[in-house]
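Here are my notes on the structure, set out as numbered points so that each can be checked against the coordinates.

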Amino acid sequence: MSERIKVIVDGKEVMLEKDANLLSELRKAGYDVPGLCYYEKVSHTGSCRLCVFRRKGSAKLETSCTVAVCENMDIELFTADIEEHRKNLLQLILASHKHDCMTCEKSGACELEALAYRYGLDLDSEIFPSIVDKTLKKDKSSPVLCYDPQKCIACYRCVKACDEIQEKHIIDMDGRSFHTVVSAGYNEWGGSDCDGCGECLQACPVGAITSKTAAGKGRHWELGSVITTCEYCGVGCQLKIYTKGDEIIKVEGVDAPANRGRLCVKGRFGHDYIRSPERITKPLIKENGAFREASWDEALDLAAKKFMDIKEKNGANALGGLASARCTNEENYIFQKFIRSVFGTNNVDHCARLCHASTVAGLAITFGSGAMTNTNTGFEDSDCIFIIGSNTTETHPVISTFVKNAVRKGAVLIVADPRRIDLARRAKVHLQQRNGSDVALVNGLMHIIYKENLHNKEFIEAHTEGFKEFAEVIEKYTPEKVSKLTGISEEKLYFAARAYAKAKNASIIFSMGITQHTTGVDNVMSLANLAMIAGQIGRHATGVNPLRGQNNVQGACDMGALPNVYSGYQKVVDAPVKEKFEKAWNAKMDDKVGLTVVEMMNAAGEGKLKGLYIMGENPMVSDPNLHHVEESLKKLELLVVQDIFLTETAKLAHIVLPVTATLEKDGTFTNTERRVQVIRKVLEPLDGTRNDWEIVADLAGRMGYKMGYGNVWDILKEINALTPIYGGMTPERVPSGLHWPCPNAEHPGTPFLHKDGNFSKGKGTFKPIEFKEPAELPDGKYPYTLSTGRILCHYHTGTMSRKVDALNAYVKEGYVEISASDAAKLGIQNGAKVKVASRRGEIIITAKITDRVVPGSVFIPFHFVETAANRLTNDALDPIAKIPEFKVAACNIEKV
Amino acid sequence: MNTSDKKARIVLENAGRIDPLSIKEYMNSGGYEALKKALSMQSSAVVDEVKRSGLRGRGGAGFPTGLKWSFTAPLQGQKYILCNADEGEPGTFKDRLVMEGDPHKLIEGMIIAGYAIGASEGFIYIRGEYYASIEKIEKAIAAAEAEGLLCEKVLGKEFAFKLSVRKGAGAYVCGEETALIESMEGKRGNPRVKPPFPGVSGLWGRPTVVNNVETLANIPYIIKNGADAFRKIGTEKSPGTKVFLLSGKVKEPKAIEAPMGTTLRQLIYDLGGGLAGGIKFKCALVGGAAGAFLGEDMLDVPMDYDNLLAKGAVLGSGVVMVLSEKEEVMPVLKNLMEFFVHESCGQCAPCRTGNKMILDLLGRIEAGKIAAEKGFEMILKAASTMKETSLCALGQSPILPISSALKYYSRELTIK
Ligand SMILES: Cc1cc2nc3c(=O)[nH]c(=O)nc-3n(C[C@H](O)[C@H](O)[C@H](O)COP(=O)(O)O)c2cc1C
Ligand code: SF4
Ligand code: SF4
Ligand code: SF4
Ligand code: SF4
Ligand code: FES
């Protein structure tokens with residue numbers, strides 16, 4: 001614990017924390033010490049000089065933001081002469097600052113304005129005429145930011161925020177003397193690699209960096225604000241959203257444990273879709289191939305009747321439902337309850353199938369619990385981080401900053417990825433494995449660890465089972481063999497294996513590059529083996545960390561929106577579990593595992609599944625082999641879709657129900673690190689829309705099953721009662737952001753799983769795994785390997801992000817990444833249109849020549865419906881998790 | 001440039017007398033004997049000897065060199081000795097005279113300093129425009145290497161030392177020791193917040209002693225002849241000599257090495273030959289851009305660190321710029337402020353804004369747009385806050401020339 005010591009401030013004793021920053025401590029103790037350049041999250045600069053103090057007996061002034069609290073401090077802080085200097089300093093700063101407060105975006109939240117008022121600066125008097133350099137021009141080239149050098153007080157906060165927090169180092173100070181300005185290089189902001197995270201904007205104490213999207217929309221004091229959870233990715237950043245009337249004006253990152261105030265461009269600038277004119281506000285019924293508006297009663301009665309008809313005629317298993325990783329825990333819970341109690345089937349799934357089903361299965365088999373073992377910010381304390389199959393910078397932007405912070409502190413980063421992703425630049429080694437050779441790679445690393453006697457014998461002995469059989473398999477994966485299978489040099493394999501095994505605390509991070517394979521479960525289990533063989537699990541800053549994609553994909557899984565489990569991973573095939581739910585829900589449950597997403601599509605195609613209820617999902621872009629999906633959905637007798645937009649999927653529906661958007665409702669999300677966080681209503685729902693859970697409950701009622709919840713918190717209480725891992729996540733406690741498992745109201749939550757090697761399932765299980773080739777390999781007809789994935793500024797099927805101008809300004813449409821040598825071979829220019837074809841379909845798309853992909857491979861982001869990558873992808877499934885192989889397909893490329 | 005003769009020559013002893021590139025000639029005139037002697041002593045004894053000599057830093061601040069070394073010497077691990085040869089002060093060229101006239105003296109001083117503080121590596125950071133200095137120092141380093149003076153075992157002793165040259169980034173403020181370090185690390189040359197001082201955390205975060213060329217050029221003499229011999233020259237609290245740089249309206253601008261405590265009158269009239277054309281002396285700006293204007297009443301003040309300080313002036317780098325009766329102070333002041341505006345690194349608010357403010361105000365006063373009295377009141381207000389709050393000495397500087405100019409010439413400055 002930190003020690004508090006006595007410090008004398010202007011003759012009065014106060015207790016401050018030893019070795020802590022003096023300015024920060026003084027402020028905490030209630031001294032309102034002025035200061036414009038100090039920003040707690042970055043190293044000190046000492047540039048504004050306002051925080052000066054004097055040690056008793058010394059003639060010199062020092063800056064309190066640059067010294068630490070130490071013994072025998074007796075200081076003068078607010079003497080008349082020091083205050084006089086502060087006033088003079090402020091006068092000088094103000095003279096060099098264009099103070100057009102009456103039209104400035106920052107007015108009301110500006111730190112300089114506040115100090116000018118506090119010190120009673122007199123702008124009228126002749127004290128210090130303006131020395132603003134009027135020749136300095138604004139930089140408006142960024143899609144989201146505007147920089148006005150005439151307002152810049154050269155405090156370095158933005159520069160350090162970009163460098164030390166976000167680790168991007170896009171901007172720096174340029175020029176000298178009173179020409180000192182922030183510069184993003186000679187290309188200006190817009191031409192730089194700035195990704196619009198807005199950390200600099202949040203750090204700026206004055207109106208020098210302002211948000212373009214907020215310009216002219218409201219003065220700070222006119223704005224209301226609500227703290228909520230980002231509706232985009234699984235990092236779960238906490239946002240403070242400022243609104244005026246029915247409009248979102250600006251967003252700040254909240255200093256919460258999941259994100260420490262950091263955001264990415266989507267969380268900061270990506271919410272405008274919410275008032276898009278494309279939002280639907282009336283239920284729609286399709287008649288003669290066209291939609292007509294309908295009342296809620298008519299639409300819901302029709303849906304209820306038709307679902308009941310199908311059930312009567314074809315049985316409960318002719319029905320199914322897709323829940324949503326975007327909806328709240330409460331909504332997903334209600335939805336699976338509806339499918340199980342009202343439909344009477346376990347045919348419920350959601351898009352987690354398409355991203356992390358193999359994680360859930362693979363980690364459940366090996367560890368007993370299928371989620372990220374450790375925390376977002378914990379990576380910062382790792383000594384070695386092994387990232388495989390995760391382009392973290394783009395898919396989990398804020399988590400990538402914690403990884404980069406760790407590298408800055410000296411951690412060894414190992415990146416395994418076929419593409420030269422951003423993090424590869426920061427890695428000590430980049431293992432550029434051949435697509436789909438992950439098992440071979442990981443077996444190879446474990447071979448070296450084992451042969452070099454670096455395995456953690458105590459851990460293996462005490463906490464695991466199955467090591468002997470497993471060791472026989474890895475014996476075979478010699479570096480020579482693995483080098484051949486993966487294309488990685490032996491030297492790199494040795495380096496990575498040693499670094500990981502020897503590190504004090506090493507973390508594994510993975511994502512869809514591991515899971516979206518026909519060998520997805522094998523891949524995941526291999527990583528579990530790796531963590532166990534080195535004993536790198538069960539402590540802070542270690543573990544096996546699948547980064548979950550969507551805002552609430554973890555929660556949707558936790559809530560039982562899966563065909564094999566109820567909420568909290570309670571198995572549908574377990575008789576006592578079934579009994580418990582039958583009793584609680586007062587309905588008969590099916591004891592057979594239901595169909596997964598892709599299986600439901602197949603069943604629909606075969607005419608076995610006749611009615612499908614989709615809550616907020618868009619399989620028409622997200623699923624593999626889209627051509628097949630479309631055919632299947634068209635065969636359904638009844639497709640009911642509820643969404644905020646008329647998505648590609650909704651267009652195929654018979655009934656469409658308009659719902660409220662995330663920012664219009666209350667509830668909880670569970671982020672990738674198993675932290676349950678609150679979402680709060682930011683804007684009033686659009687007229688005509690209803691909350692997902694209310695629609696589900698209403699429909700249930702019309703089908704003869706009563707769901708009597710007054711609000712979402714009633715649902716959460718039911719979740720608490722029936723879901724042991726959520727037992728203590730009561731409505732009162734969720735605002736503090738606890739990690740599950742949290743079984744009771746006294747439990748503090750569980751930041752990292754499997755503490756001290758005590759696995760959820762008892763002993764961890766080593767699974768011997770042999771390498772298998774992907775389902776489809778390049779051949780003469782389809783000579784290229786296609787991989788798909790996500791990019792930073794768009795999200796999932798683009799229904800939200802592509803309606804945001806700011807995000808479109810970064811990337812508007814899809815593209816295919818291709819290596820320079822392949823492009824040359826095919827005679828393709830950068831920016832030219834090409835045809836990409838696979839056995840399942842073809843698309844016309846723009847070529848982007850880059851060194852991120854190796855020759856022979858191409859990459860297409862999947863967010864863009866016009867160039868839907870999933871027209872090409874293979875729906876071959878992993879045998880256990882039934883996840884499709886999005887990451888490897890054979891394709892051909894032609895100039896058009 | 002001429003160098004003047006007077007009995008005491010330490011720093012410029014060989015300059016102009018021996019072939020600077022001949023290590024043999026340097027050795028023949030007693031060169032590298034001090035190094036031999038130093039290496040036969042305990043390193044702490046070398047530090048003590050320098051401490052006893054009373055040598056003070058010639059880079060401007062006059063900090064006792066032995067004391068500075070004694071902070072770094074006991075620290076463990078990699079340490080560095082860094083020679084500050086950035087010499088950006090207008091009118092100063094003393095360091096150049098050493099580097100071009102007697103490079104081995106500096107090298108010998110650095111090796112001894114390295115030994116004394118336990119540094120295995122040294123760098124000489126030379127002003128970028130000093131092509132000849134860079135060339136001569138590099139050649140001299142090569143010669144010293146060939147003689148086994150810079151190697152894993154210097155003169156066969158268990159002491160490894162290597163030395164190399166770094167070229168300056170071309171800004172005055174890069175002569176400030178922490179800005180110099182930043183610049184050496186490849187960053188923008190901004191001064192660092194002190195503490196920590198370089199002696200504890202300097203180049204790449206390691207303990208680093210930064211000394212001026214002239215300071216280091218005194219070391220061989222002190223070690224060879226002993227602290228007592230050195231103390232016989234100069235004054236009690238500022239022993240040794242100083243290289244003064246006489247410029248302005250004098251007969252002939254030149255560098256003059258003379259004992260500390262030499263008066264302005266002796267320097268200008270006895271050693272320097274008086275003003276050009278015999279015109280009457282008005283004042284001299286002593287100590288460089290950060291110095292003070294000294295009038296006739298100060299002609300007999302002994303020039304050393306303490307005596308000048310007692311009169312509210314500074315010795316600085318030893319520049320003495322003479323103004324004759326025919327010149328006005330205002331243009332000189334404006335020139336100075338233009339220099340500061342130009343050279344401010346822009347990192348801290350008082351200096352970034354204050355210099356420009358003062359320059360603008362001077363212009364307004366000159367143009368009659370603002371009453372001089374009022375104008376100077378504002379100028380002093382800005383300058384005093386700059387003095388108290390600036391991050392480095394550059395921003396703390398303008399107050400002295402301004403207030404000293406006002407003291408002597410308020411009539412001239414205000415009545416226009
Ligand atoms: C703006 C500024 C410029 C300086 N320029 C020089 C310089 O050119 N040469 C130098 O030796 N010291 C210069 N100094 C002083 C150095 O910071 C430092 O005090 C000196 O190198 C220490 O050496 P010494 O103890 O041997 O004098 C400068 C200081 C300031 C504030
Ligand atoms: S928006 Fe983010 S990346 Fe861009 S300059 Fe600011 S901090 Fe750096
Ligand atoms: S833009 Fe803002 S944060 Fe950056 S230096 Fe200028 S005033 Fe400071
Ligand atoms: S999209 Fe993800 S990383 Fe970006 S702000 Fe939202 S939660 Fe954070
Ligand atoms: S005083 Fe001037 S030169 Fe020194 S740090 Fe501040 S701005 Fe830079
Ligand atoms: S807050 Fe300390 S110098 Fe700016």
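In what order do the 5 strands of the open sheet with parallel pairing follow one another in chain A? The points below begin there, and it should be kept in mind throughout that this is a predicted model.

1. The order is E19-E18-E17-E21-E22 in chain A, an open sheet of 5 strands whose pairing is parallel. Strand E19 (429–431) and strand E22 (544–546) of chain A occupy the edges, and because each has a single partner strand, one side of each is left without a neighbour in the sheet. From one strand to the next the twist averages 20°.

2. Within that sheet, strand E21 (residues 506–510) of chain A runs parallel to E22(A), and 3 bridges join the two. One residue to inspect is Ile508(A), whose bridge partner in E22(A) is Val544(A). Helix H18 (residues 490–502) of chain A packs on the sheet, where it touches strand E17 (384–388), strand E18 (412–416), E19 and E21 of chain A, and the direction of H18 makes about 115° with that of E19(A).

3. A further open sheet in chain A has 7 strands in the order E14-E13-E27-E26-E25-E15-E16, and here the pairing is mixed. Its edges are strand E14 (290–293) and strand E16 (348–349) of chain A, each with a single partner strand, so one side of each is left without a neighbour in the sheet.

4. In the sheet with mixed pairing, strand E15 (residues 319–322) and strand E25 (residues 611–615) of chain A pair in the parallel sense over 4 bridges, and Gly321(A) has Tyr613(A) as its bridge partner in E25(A). Helix H23 (residues 597–605) of chain A packs on this sheet and touches E15, E16 and E25 of chain A, its direction making about 140° with that of E15(A).

5. Turning to the interface, chain A and chain B bury about 2,900 Å² between them, with 59% of it on carbon and sulfur atoms. Chain A brings 35 residues to the contact and chain B brings 33 residues. Between chain A and chain B the count is 0 salt bridges, while 10 residue pairs are found in polar contact across the interface, both residues being at pLDDT 80 or more.

6. Which elements give two or more residues to the side of chain A that touches chain B? They are strand E4 (61–63), helix H2 (80–95) and strand E7 (172–174) of chain A, and H2(A) gives the most, with 7 residues. By class, that side of chain A has 18 nonpolar, 11 polar and 6 charged residues.

7. Over all chains the count comes to 91 salt bridges. One of interest is formed by the side chains of Lys151(A) and Asp100(A), at 2.8 Å from N to O. This pair links distant parts of the chain, 51 residues apart: Lys151(A) is in the loop between strand E6 (145–147) and helix H4 (157–165) of chain A, and Asp100(A) is in the loop between H2 and helix H3 (111–118) of chain A.

8. Some backbone details merit a check, given that most residues other than glycine have a negative phi, and most peptide bonds are trans. A cis peptide bond, with omega about -5°, joins Trp740(A) and Pro741(A), the latter lying in the loop between helix H27 (712–722) and strand E30 (764–765) of chain A. The bond from Pro195(B) to Pro196(B) is cis, with omega near 5°. Asn288(A), in the loop between strand E13 (284–287) and E14 of chain A, has a positive phi near 50°.

How values were computed
Residues are numbered from 1 along each chain as its sequence is written. Chains are lettered from A and ligands numbered from 1 in the order in which they are written. This is a predicted model: local features need pLDDT of at least 70, side-chain atom pairs count only at pLDDT 80 or more; totals for chains, interfaces and linings use all residues. Side-chain values use heavy atoms; hydrogens and water are left out. Two strands pair if DSSP finds at least two bridges between them. Axes are lines fitted to C-alpha atoms, for helices over the stretch in contact, and angles run from 0 to 180 degrees between N-to-C directions. Contact means heavy atoms within 4.5 Å. Buried area is the accessible area (1.4 Å probe) that two parts lose on being put together, summed over both. A salt bridge is a side-chain nitrogen of Lys or Arg within 4 Å of a carboxyl oxygen of Asp or Glu. A polar contact is a pair of N or O atoms within 3.5 Å; within protein, one must be able to donate a hydrogen and the other to accept it, and residues adjacent in sequence count only if both atoms are side-chain atoms. Ala, Val, Leu, Ile, Met, Phe, Trp, Tyr, Cys and Pro count as nonpolar, Asp, Glu, Lys and Arg as charged, and the others, Gly among them, as polar.
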